[in-house]
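User: Please take a close look at one strand of this model, together with its neighbours and the charged contacts around them. I am new to the structure, so please define each term as it appears.

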Amino acid sequence: MDDVVRSDLLPSWARIRPLALAVFRDGPRILVEDNSAQDRRDYFYRPPGGGVEFGERAVDAVRREMREEFDAEIADVRSVGTLENIFDYHGRPGHEVVLVFEARFVDASFYAAERIVGTEGAGIRIEAIWLDVSRPLDRPLYPNGLLELLGDSSS
């Protein structure tokens, strides 16, 4: 117990961040945010979603995030599992507990779109693409363990 640090004594960047992510499937494809359109130093894929706010259930957070980011209503939301992501991002440590959900878009036109454009936060443009996960990926897919978790949930 001597190694445990009280989170209220840590700076905000050093606290565990709860995330709720939505996995949308279309055959071998899943929807992922494509951060290559942004000015970043490293590129990766991640399903859409975001932080869970205090007092908010994760399932409600994922619905809210889809409304806020893509103006999309979703249905058939179900929990797939939880992943823990401990990482280093641009020299700063990060720690996330990621609640993963599967869902479907109410508006079927999302499945036909090559690129889905939205906004997050203070009007920051985000783009999502359909990624064929049956093929080798050209960059990492986060959180680590996602494909294995999705494989376990396909029954």
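**Strand β2 and its surroundings**

Analyst: D138 is exposed, with a relative accessible area of 58%; here exposed means over 50%, buried means under 20% and partly exposed lies in between, using a 1.4 Å probe and protein chains only. The model is predicted, so local features need pLDDT of at least 70 and side-chain atom pairs count only at pLDDT 80 or more, while totals for chains, interfaces and linings use all residues. Residues are numbered from 1 along each chain as its sequence is written, and side-chain values use heavy atoms, leaving out hydrogens and water.

The strand in question is β2, residues 29-34. Helices (H or I, at least four residues) and strands (E, at least two) are DSSP runs, numbered from the N terminus. Five of the six residues of β2 are buried, which leaves the strand mostly covered.

Strand β2 pairs with β1, β8 and β3; two strands pair if DSSP finds at least two bridges between them. With β1 (residues 17-26), β2 is antiparallel over two bridges, and R25 stands opposite I30. These two strands form a hairpin with two residues between them, and G27 in the turn has a positive phi of about 65 degrees. Five bridges join β2 to β8 (residues 124-132), again in the antiparallel sense, with V32 facing I129. The antiparallel pairing with β3 rests on two bridges, where D34 has Y45 as its bridge partner.

After the strand comes N35, in the loop that leads from β2 to β3 (45-46). N35 counts as buried because its relative accessibility is 4%. Its C-alpha is 7.3 Å from that of I126, although 91 residues separate the two in sequence.

Charged contacts also occur here. A salt bridge is a side-chain nitrogen of Lys or Arg within 4 Å of a carboxyl oxygen of Asp or Glu, and the structure holds 17 of them. R29 and D26 form one, their closest N and O atoms being 2.4 Å apart. R29 is partly exposed at 24%, as is D26 at 30%. D34 belongs to a network of salt bridges that also links R115, R125, E127, D138 and R139. One of its pairs is R139 with D138, with closest N and O atoms 3.9 Å apart; R139 is buried at 17%.

In the neighbouring strand β1, R17 meets E96 in a salt bridge of 3.8 Å, N to O. Because E96 lies in strand β6 (residues 92-105), this pair ties together parts 79 residues apart in sequence. R17 is partly exposed at 40%, whereas E96 is buried at 11%.
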